[in-house]
Amino acid sequence: MTIKSYIYILSLITIFTGVNPLTAQEDMTDNAYAMKADFLYRFIDYVRWKDNPKNQAFKIAVLESSPITPLLISNAKNKKTEIKEYKDIAQVGSCNILFVPYNCSIPIETIISKFSDRSVLIVTERNGFGKKGAHLNFIIIENKLKFEINLKAINKSGIGVSSFLLQHAIIVQ
């Protein structure tokens, strides 16, 4: 299934579930987190990490607690992927994707600073974090789940993003 198909299905689901754009970031449904988990796995196909050995397990770190963690774990059954939650940013070692949930207590500036010299895709879900330097940020627009990409932050990290993914993103600086 192509990303266009997922976006279409995602749009239909959000319309029929009646997600309120004003509270959607704070009160996400299980369906919305399931869609975010699916998107995270799809991003893997359209992002290139420098110095990422092909035979090594793909690592997704979740900072603090999030409803997305069990969904990521259940989706990883047939993939060579490791998913782990970390209570403290100092515990996060090597990973490919760092998911920062909406209710994370660690300031985004601290997170970005800690990973600025690493090839780690920082994915958030709070309005404004894309402009603050997160690489990808989930947002709700007109009751639809969308994502922002900060090209400046991506280029600085040495991560490559395919033009196909950029076509579906909202570009922020």
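What separates Phe39 and Phe43 in helix H2? In this predicted model, the two residues lie 4 positions apart within helix H2, which spans residues 30-46, so about one helical turn separates them. Phe39 and Phe43 make a convenient starting point for a walk through the aromatic contacts of the structure, 7 pairs of which turn up when the whole structure is searched.

The ring centres of Phe39 and Phe43 are 6.0 Å apart, and their planes meet at 55°; the pair is therefore classed as tilted, since the edge-to-face class asks for planes over 60 degrees apart. Both partners are hidden from solvent. Phe43 has a relative accessible area of 0% and is buried, while Phe39, at 5% relative accessibility, also counts as buried because the limit for that class is under 20%.

Phe39 has a further partner in Phe138. Here the ring centres are 6.2 Å apart and the planes stand at 75°, so this pair is edge-to-face. The contact between Phe39 and Phe138 joins distant parts of the chain: Phe39 belongs to helix H2, whereas Phe138 belongs to strand S6 (residues 136-141), and the two positions lie 99 residues apart in numbering. Phe138 counts as buried too, with a relative accessibility of 2%. Taken together, ring pairs connect Phe39, Phe43, Phe138 and Phe147 into a cluster.

Aromatic rings also meet charged side chains in this model. The charged end of Lys36 is placed over the ring of Tyr33, at 5.0 Å from the ring centre. A similar arrangement involves Lys114, whose charged end sits over the ring of Phe115 at 5.9 Å from its centre.

Attention then turns to the backbone just beyond strand S6. The loop between S6 and strand S7 (144-150) holds Glu142, and Asn143 is placed in the loop between S6 and S7 as well. Glu142 is not a glycine, yet its phi is positive, at about 50°. Asn143, likewise a residue other than glycine, has a positive phi near 65°.

How exposed are the side chains at these two loop positions? Glu142 is exposed, its relative accessible area being 65%. Asn143 has a relative accessible area of 27% and is partly exposed, because that class lies between the 20% limit for buried and the 50% limit for exposed. The loop residue Glu142 is thus exposed, in contrast to Phe138 of strand S6, which is buried.

Technical notes:
Residues numbered from 1 in each chain as written. Predicted model: local features only at pLDDT ≥ 70, side-chain atom pairs only at ≥ 80, totals over all residues. Heavy atoms only, no water. Phe/Tyr/Trp six-rings, centres within 6.5 Å; stacked < 30°, edge-to-face > 60°. Buried < 20%, exposed > 50% of the residue type's maximum accessible area, 1.4 Å probe, protein only. Lys NZ or Arg CZ within 6 Å of the ring centre and 35° of its normal.
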